[in-house]
Amino acid sequence: MQKTELLVTFFLLQSKENVNRTIREIAAETGVSVGSVHSVLSKLTEQGYIVESGDRRLLRKRANLIERWAHGYADGVKNKLLINRFTFLTPQVREQWQDILLPSNCHWGGEPAAALLDAYIQPGEWEVYVPDNANALITTGRMIPAPQGEIFVYKQFWPGDEMPLLVVYADLLATEDDRCREAAERLKPQI
């Protein structure tokens, strides 16, 4: 998937109502051109993911589209969103990472997000999504910038103040770790 296809597909998967928004509305919400939105919708229809009969519907292949999006995101876009790396101030802070109050609009991703949602796994890798830059994380007093740090900080690409489960799912699959895949499968029914 190309970046525009990933952005439009992500938007469609966030809500069943989104598939019936006008092309202009989808373009405005995703920041993708009208022509590109039209092209992505046509491609998804051609591939059998969308049916148009008066209105548009995502078909039963939604689970396949989720998988396709997750792999496309991990393989094509995620690395381009990396803006910095941080480290925990001390090993004790790492042990108590869940007590860190992240600034508003910053979100744990991947393993930490899954651990907070389900407690099925304990993080071995840390990911944080921020709206603009990573400097806000310094205000926690618990982490500092470090070129080789264990906390990977990514730029948030979605609108809104919540961490989408679809991104957590994709982050978990991207690790190619068996325990993370199990955690992803536990989250999948909620997407």
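These are my notebook entries on salt bridges, one helix, two turns of the backbone and a pocket.

**Entry 1: the model**

I am working with a predicted model. I keep that in mind for every value below.

**Entry 2: salt bridges**

I searched the whole structure for salt bridges and got 11. I then looked at some of them one by one.

I started with Lys-43 and Glu-5. Their side chains meet in a salt bridge, with 3.0 Å from N to O. Lys-43 sits in helix H3 (residues 34-46), and Glu-5 sits in helix H1 (residues 3-14). The two are 38 residues apart, so I noted that this pair links distant parts of the chain.

Are the two partners buried or exposed? I checked Glu-5, and it is buried, at 4% relative accessible area. Lys-43 is partly exposed, at 34%. I also found that this pair is not alone: Glu-5, Lys-43 and Arg-68 are linked in a network of salt bridges.

Next I looked up Lys-188. It forms a salt bridge with Glu-67, and the closest N and O atoms are 2.8 Å apart. Lys-188 lies in the segment after helix H8 (178-187), while Glu-67 lies in helix H4 (residues 62-81). They are 121 residues apart in sequence, so the salt bridge ties together separate parts of the chain.

Then I took Arg-94. Its salt bridge partner is Glu-150, with 2.7 Å between the closest N and O atoms. I placed Arg-94 in helix H5 (residues 91-95). Glu-150 is in the loop between strand S6 (143-145) and strand S7 (151-155). This pair also links distant parts of the chain, 56 residues apart. Arg-94 is partly exposed, at 32% relative accessibility.

**Entry 3: helix H3**

I went back to H3, the helix that holds Lys-43. H3 has 13 residues. From first C-alpha to last, it reaches 18 Å, close to the 18 Å expected at 1.5 Å a residue.

Which residues of H3 are buried? I found Val-37, Val-40, Leu-41 and Leu-44. They cover an arc of only 100 degrees around the axis, so they are on the same side of H3. The spacing rule helped me here: an α-helix has 3.6 residues a turn, so residues three or four places apart point the same way.

I also asked what covers the buried residues of H3. The cover includes H1, helix H2 (23-30), strand S1 (50-53), strand S2 (55-58) and H4. Just after H3, I noted Gly-48, with a positive phi of about 85 degrees.

**Entry 4: positive phi outside glycine**

I looked for residues that break a common pattern. Most residues other than glycine have a negative phi.

Asn-105 has a positive phi, near 75 degrees. I found Asn-105 in the loop between H5 and strand S4 (107-109). It counts as partly exposed, at 31% relative accessibility.

Glu-176 is not a glycine either, yet its phi is positive, about 60 degrees. Glu-176 is in the loop between helix H7 (165-174) and H8. At 62% relative accessibility, Glu-176 counts as exposed.

**Entry 5: the largest pocket**

How much space lies in the largest pocket? I read off about 230 Å³. The lining has 13 residues. Closest to the centre are Phe-10, Phe-11, Glu-29, Trp-158 and Pro-159.

I then checked which helices supply the lining. H1 and H2 each give at least two residues. The largest share, 4 residues, comes from H1.

Definitions and conventions:
Residues are numbered from 1 along each chain as its sequence is written. This is a predicted model: local features need pLDDT of at least 70, side-chain atom pairs count only at pLDDT 80 or more; totals for chains, interfaces and linings use all residues. Side-chain values use heavy atoms; hydrogens and water are left out. A salt bridge is a side-chain nitrogen of Lys or Arg within 4 Å of a carboxyl oxygen of Asp or Glu. Buried means under 20% relative accessible area, exposed over 50%, partly exposed in between (1.4 Å probe, protein chains only). The expected span of a helix is 1.5 Å times one less than its number of residues. The arc is that of the directions from the helix axis to the C-beta atoms. Contact means heavy atoms within 4.5 Å. On a 1 Å grid over the protein atoms alone, a cavity is a set of points where a 1.4 Å probe fits but cannot get out, and a pocket is an open set with protein on both sides within 12 Å along at least five of seven lines; lining residues have an atom within 4 Å of a point. Grid points are joined across faces, edges and corners, and a volume is the space filled by probe spheres set on the points.
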